[in-house]
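User: I am new to this structure and would like a close look at one part of it, with the surroundings explained as you go. Please take your time and keep the reasoning visible.

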Amino acid sequence: MSDLISRTTEHLDYPFLLVTHMVCADQQIHSEESKALRELATQISASQRTLAEMEKILAQDENQLSVEDLARKVSPGQQSEAMSQMLAIAYVDGFCSALERQMAEQVAGIWNWPTGEVQRQFAEVGAFSDTRFVGEHNQQQKPSICARFLKGADSLLSRELVDNIAKLTGSEQKVEQIRREILLTGPEYDEAIRQCAVIADEDYKFAELALKRTLSALNNLDKNIQVAIEDIKHKTGGKGQATTAKEVAKQLEDTRNSLSAEIIKEIESVRESLRSKERALNHFSITFMGRTKAGKSTLHAIVTDDGWDAIGVGKQRTTRFNRVYEWKNIRIIDTPGIGAPGGKSDEEIAKSIIDESDVICYVVTNDSIQESEFAFLRLLKEKAKPLIILLNIKKNLSDTRRLERFLQNPDKEFVMEGQSGIGGHIQRIRRYANEHYANDYFDIVPVMLLAAQLSHEPKHEEKKKELFKASRMQDFLDSIRESLVNHGAIRRSQTLLGSTVGAIDHPNKWVNQQALVYEKLTETLKNKREGIQKDIRKAAKDAKDSLLQQIDSIFQDTINAIPSFAEDHWNSKEIAIKMGWEQKLKALRFEERLKIAYQEASKNFNKEVQKDLEEIGNELQLISQLGSSDFSFTEQDSNNFRDFMRIGGGILGIASAILMFFAPPVAIFIGIGTTVVSMMTGLFKSKAEKRREAVLNISTSLETQLNTQRQKTLQQAQRDFGKYSDSVTTNINIYFEELIAGLEAIATQLEEAKINLSDNANYLNRAYAKRIIDWSIEQYEPLTVQGINQTIARVERDFGRSIKIVTKSKVQGLKSLEDIKQILQEDISFSLKSPKKD
């Protein structure tokens, strides 16, 4: 990267390129930011090299200059001005995100600014940016965010940037054109905006409290698990079983680390959800999504009359961010294409906007309706997001004849029946969407975006109205208006209350799953502990009996060799007899066979213990794996359960630590006693008598000593092997006890977290249920805990699919149930609290 800088040093404006990075920092390119950036480029007469680098940054080109490289090239004299420009552009869209703050802090760190300096500048800039619009409901157009931000800001910002952004305050002069097309005008619309703002302000307080409580519950879970395991580790260390205690401590620490890694992921997910809800607070957001080249950018340009330069982005993918247009508390968001080759990061960027969207417009085309492009709807349902599907009818209108033929009978392209009708397309859309979205409570609006696009081109000015009408875009705009004017208030509650439950539901499901896994693991260990003790005792008895038999056999083989030895040495000297006996024992492999017998006994016993432990370990691993398979993670945030639970492998560590081979007694020497020597004194006996007597004496002496030693060896083997097997049994028992205690401690903390998370979800579901009822009877009252408790008895919700609301008193004047389902896009049911059951 440094060589790129060296090649372009002469013509690059480093502060401007840092501002460009700030535009992209939150993965959204706001229309106001884009205009401000390009106007600033004109003001500073940016060189072609600078503009080329700007485009690389906006396109996230892999050869772009990094924030770090650019920051290091900004001279100390330019740094303060550059930071002011960066913060100004960050606040142009009315909200400075955590990612934008992070970039500013990164740059300040590179510049070695004093701690707190960048925060001070944030505070100064933030003072000029009032991003709360509650109560702005009169028909008089309010100053733009930029204008209100610039009030009194001259002292902080550069003259060029002030002049640049000041120009943007006049950008709303184009609203008359937008008003004609999207019909966002009049007292009915203004009242809807006012009501949305009031409700959003109230609902956000509930969402913020629930999410902060969720963060606290997850942080406490991590901390409490660590404390509980530390307590167990201290207890294990005091039992004098150092090896066992160490193994248990390691096992529990591995388990805690795996859990902590997942908890951190859940915490970050909840934090991001909180940031999304904060961004969503002040705007009704409509997001266009769909596969690449479906027509999202064209739709965005038609609706906003802005961003025509982005048409074709599906082909070129020249921008990799969500593009945001904002007017009068409405945000229209164009996202990168879903499913483009090499576009996984684009899809992630598109997903990042879902939480703060009130309505998702999913764009599909009639020339390629495939089930794969509807799989993305599963995520929308998991986020409980209302859906409109726009069917873009594609037709070649490239030449005048085709265009004239189309305008003669445009309705022909929208006929439902017949071979060329769109009815089959709509049926397929409903079938695929129903499979992934779980219901078909959504509108499908067919339009021809190309005709609407042509209506904006100067060469078709004479046929502008005719083309726009033929495109049927007005049907779509009417559905958007209806979604805002008639359902805007409940859509805001869906975003800030209803879908926020999903941010709690995900960690709640994960905690529930872990609680079940740990409960099952503990139960399995308890059940297996008694069985393994029995198995170990049997294995010890079998190994011991086998050892004693082998010892007895070895001694017997040695005794059987005595007569021939005595015959060979009846007339030998004492020293010769002793040496001969030693050679005989070696020839018989006496000591070697005893050692082998001990080793085989140990090996067989260890093998049986290892086998039992391995069976338990495999079962524990299976429990963990089966537990993980019940919990659906997206591929991107999979928690890699393969690494989560290592008890199955870890339990064998205790075996390798305590299963050792115990040694046989120190070398057994069967000596030649004085009785053998004394028998040689019979001088008056014949040689045959002397031989017979000497053989008898040698044999008797050796056999007596061998029998005595055999009994001692058998007794010692029985005693030593008993101590060894008892030690193994004790260590394994301690291991099980301490591991069970550790798992129970973790399970207790998971159970506590589960209760807290369930309470948080219920808190939001009850608030959402109250909003649904108020909306259904067309009344408004401030959302309070007291009001909720007076109305709602109980809420049962299968998130994103169904919600059952039990009220404390009969609700009069509800909308029709079918209308409620169609608008909320969930299965809804209402019932009255039963005095007997509740």
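Is Phe605 buried or exposed, judged by its relative accessibility?

Analyst: Phe605 counts as buried, because its relative accessibility is 0%, and buried here means under 20% relative accessible area. The model is a predicted one, and every value that follows is computed from it.

A few words on the whole chain help to place this residue. The protein chain holds 32 helices and ten strands, and 54% of its 838 residues count as buried. Among the contacts that join residues at least 6 apart in sequence, 82% are between residues at least 24 apart.

Phe605 belongs with the aromatic rings, and a search of the whole structure finds eight aromatic pairs. One of them is formed by Phe555 and Phe590, whose rings meet edge-to-face, with 5.1 Å from centre to centre and 90° between the planes. Because Phe555 sits in helix H24 and Phe590 in helix H27 (residues 590–629), this pair ties together parts that are 35 residues apart in sequence. Phe555 and Phe590 are both buried.

Phe605 itself pairs with Phe721, again in an edge-to-face arrangement, with 5.6 Å between the centres and 70° between the planes. Here Phe605 lies in helix H27 while Phe721 lies in helix H30, so the pair links parts of the chain that are 116 residues apart in sequence. Phe721 has a relative accessibility of 1% and therefore counts as buried. The pair also has company, for Phe605, Phe721 and Tyr724 form one aromatic cluster.

The helices that carry these rings can be followed further. Helix H24 (residues 500–560), which holds Phe555, has an axis that comes within 7 Å of the axis of H30, and the two cross at roughly 175°. Since an angle over 145 degrees counts as roughly antiparallel, H24 and H30 are roughly antiparallel to each other. Sorted by class, the contact of H24 with H30 has 33 nonpolar, 18 polar and eleven charged residues.

Helix H30 runs over residues 687–776, and Asp774 is one of its residues. Asp774 has a relative accessibility of 5%, and for that reason it counts as buried. Setting aside residues up to four places away in sequence, Asp774 touches Gln779 and Glu781.

For a contrasting arrangement of helices, consider H14 (residues 296–304) and H22, which pack at an angle of about 75° with their axes 12 Å apart. Because angles of 65 to 115 degrees count as roughly perpendicular, H14 and H22 are described as roughly perpendicular to each other. In this packing, Leu299, Ile302 and Val303 of H14 meet Met473, Phe476 and Leu477 of H22, and by class the contact has six nonpolar, no polar and no charged residues.

The length of H22 can be checked as well. Helix H22 (residues 473–485) has 13 residues, which at 1.5 Å a residue should span 18 Å, and the model agrees, because the end C-alpha atoms of the helix are 18 Å apart. The buried residues of H22 include Met473, Phe476 and Leu477, the residues that meet H14, and the list also takes in Ser479, Ile480, Arg481, Ser483, Leu484 and Val485.

Two further buried residues show how single side chains reach other parts of the chain. Met103 is found in helix H7 (residues 98–110), and with a relative accessibility of 6% it counts as buried. Leaving aside neighbours within four places in sequence, Met103 is in contact with Leu18, His21, Met22, Ala25, Val67 and Met86. Of these, Met86 is 17 residues away along the chain, and the C-alpha atoms of Met103 and Met86 are separated by 9.4 Å.

Leu379, in helix H17 (residues 377–382), is likewise buried, with a relative accessible area of 15%. Apart from residues up to four places away in sequence, Leu379 touches Lys351 and Ile354. Lys351 is 28 residues from Leu379 along the chain, and their C-alpha atoms are 8.6 Å apart.

To return to the starting point, Phe605 is buried at 0% relative accessibility, shares an edge-to-face pair with Phe721, and belongs to an aromatic cluster with Phe721 and Tyr724.

How values were computed. Residues numbered from 1 in each chain as written. Predicted model: local features only at pLDDT ≥ 70, side-chain atom pairs only at ≥ 80, totals over all residues. Heavy atoms only, no water. Helix = DSSP H or I, 4+ residues; strand = E, 2+ residues; numbered from the N terminus. Buried < 20%, exposed > 50% of the residue type's maximum accessible area, 1.4 Å probe, protein only. Contact = heavy atoms within 4.5 Å. Expected span 1.5 Å × (residues − 1). Axes fitted to C-alpha atoms, helices over the stretch in contact; angles between N-to-C directions. Parallel < 35°, antiparallel > 145°, perpendicular 65-115°, else oblique. Nonpolar A, V, L, I, M, F, W, Y, C, P; charged D, E, K, R; others polar. Phe/Tyr/Trp six-rings, centres within 6.5 Å; stacked < 30°, edge-to-face > 60°.
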